[in-house]
Each structure stands twice: as C-alpha cells, then as structure tokens.
Amino acid sequence: MGMNDAMTAPQADPMRPRPYRVARARREVRDVMTLAIEPLDGNGTQFAAGQFNMLYAFGIGEIPVSISGDPTRAGPLLHTIQGVGAVSRALCAAKPGDVIGVRGPFGTTWDTDRAAGADVLVIAGGIGLAPLRPVIYQLLARRERYGRISVLVGSRSPKTLLFEHDLQAWRSRLDLDLEVTVDHADTAWRGNVGVVTGLLARAPFDPLNTVAFVCGPEVMIRATASELVDRDISPESIRVSLERNMKCAIGHCGHCQLGGVFVCADGPVFSYDAVEHLMSVRSL
C-alpha cells in the first residue's frame, strides 16, 4: 500500500476514542499550538497527507483537526490547533502527560502521486498551512518525482505566520521556491504584502502540466482556485481541502453536508471540479 493510500484498519467502533498521551506541546503563535501525541496502547497510527483525526477533550467535546506531521516518518502524531472555541482552547491548554481521545484517521488525501512528473503549487492561507505541511514533507521526501515546486504562503500578519523553522528550512533549499506574504505588515517586515494570489505571478509553472494543492479560509480557496483556472490550470488539477462543522466523521450526522456531499466522509480533500459549483453558492 502506497503512503497516499495509507488507511489504518477500521476500528471496532469508529465512535469510540482511543486514549493518547501528549508527548510535547509547542506554541506556534499566540493562539496556535502543535500537540505531539502518542497512543497509550503503543500501537502507532499511519496516516496519509490530507487526513484528519477527531480529537476529544474529555468532559468538553471533540473537534476535527488535520494531521500536520510528516507522513513519511514514524513517531508521534502532530496536530496543529487554533484555539477559537471551548474544545480547541482546552486542547491548546493540554500539557505533556495529559490524555486526550483520538478517533481516526479519516478522510481523503491530497494524492501527491497524481502530481508525479508535473510542476506543483502548494498554496496556503493562514492555518491552512497545517494540513498542507504533510504534503510539502512528502513532496520533498521524493523530490526527484516532481517538476518545479512552489510553496506560496499567506498570513494576516508576520506575527501569525506558522512554522517559522520550516519556512526557514524551505527557503534555504535550491529545489523549492518559497514566497510568503502578509495582509498587514509591521515596520520590521521586509517581505511581500498582499493576498496570496498576488504571489502566483512569481511562481514558475507550466499551466498545462501543473497540480495545485490549496487550503485556507473558504473565501481564499475560492479566489485562489478561480485565479488558477484563469491561468489555464484545469479544475481537475486543483485539489482543495474544505473545513465544515464535522461532528461524527463518518457521514452520519449531516452537520458537514455541502450540497450533495459530506465533507467528513467524501473529503476533506476534493478535486476542485467536483465542488466548484457548490463553493460558488455562498449560502451553502
């Protein structure tokens, strides 16, 4: 089984969380933490880039969180969490040794195999860099399989940029183009200012042989995908990851329904041609 097709064996009860212990907790920016977690039973979990877990803060609730670590290496699972609600804030407050519940992994993958031989665009907005970080790890682990790789990152401000260590490492590579922009700069910022789509003019790619991976706020995904299509990249070659209010992760409760699809069961990663007509309806 290839790592893009990696799926763990189904659990006896997909609704029952497995206990995981927090091994490390790292603050990325003011309201974002990365938790490294390990199963109490010692049975590690494989995952593919793009998949997510349901993380349960005991006594509070659970939320879906994309896996943000390296799918090509064994070790603790990494989840990067923004504290915006009761559950996410409780998870962000977890300390090494604390126990949380985990269900998963669930969901479709970025499917980097289909990008073999093509140029690759990885385009992230804000917290959307977390679900895309496994893609970048995977692309670089098998760098010889791909053409030109460009990573375009947008953030609200320099203070909200995620994974500074990774950005520095990627910037130093000669086989990857990295561009970063912020919406609002401070006096110390010497980089680009503006929306992430403004970076496309700097990215070297052949539109007839390019695969794009896009994640961020939904308005950013719509604008970016539309710009890519305008630049002659086919919708079938654009992969997007959507975030909806997932509750069950198995397509049962209907909370994450988007038109005729369920993001938790049919996604979260979709080919843009499959969801373009749904994303254009703002009320869905």
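**Note on helix H4, its sheet and a surface patch**

1. In this predicted model, helix H4 (residues 218-230) has 13 residues, which at 1.5 Å a residue should span 18 Å, and because its end C-alpha atoms are 18 Å apart, the expected and modelled values agree. The helix is followed by Asp232, whose phi is positive, near 75 degrees.

2. The buried residues of H4 are Met220, Ile221, Arg222, Thr224, Ala225 and Leu228. For reading that list, it helps to recall that an α-helix has 3.6 residues a turn, so residues three or four places apart point the same way. The buried residues of H4 pack against three strands, namely E7 (119-125), E11 (210-215) and E12 (238-241), and also against helix H6 (272-279).

3. Strands E7, E11 and E12 belong to an open sheet of seven strands, whose order is E10-E9-E8-E7-E11-E12-E15 and whose pairing is mixed. At its edges lie strand E10 (192-193) and strand E15 (269-271), each of which pairs on one side only.

4. Within this sheet, E7 and strand E8 (residues 149-155) run parallel and are joined by six bridges. Ala124 has Val153 in E8 as its bridge partner.

5. A separate point concerns the surface, where Leu40, Phe58 and Val99 form a nonpolar patch with about 260 Å² of accessible area together. Of these residues, Val99 is found in strand E6 (residues 99-106), and it counts as partly exposed because its relative accessibility is 33%, a value that falls between the cut-offs of 20% for buried and 50% for exposed.

Notes
Residues numbered from 1 in each chain as written. Predicted model: local features only at pLDDT ≥ 70, side-chain atom pairs only at ≥ 80, totals over all residues. Heavy atoms only, no water. Patch = residues over 30% accessible without salt bridge, like charges linked within 9 Å, V, L, I, M, F, W, Y side chains within 5 Å. Areas by Shrake-Rupley, 256 points an atom, 1.4 Å probe, with all protein chains shown as cover. Salt bridge = Lys/Arg side-chain N within 4 Å of Asp/Glu carboxyl O. Helix = DSSP H or I, 4+ residues; strand = E, 2+ residues; numbered from the N terminus. Buried < 20%, exposed > 50% of the residue type's maximum accessible area, 1.4 Å probe, protein only. Expected span 1.5 Å × (residues − 1). Contact = heavy atoms within 4.5 Å. Pairing = 2+ DSSP bridges.
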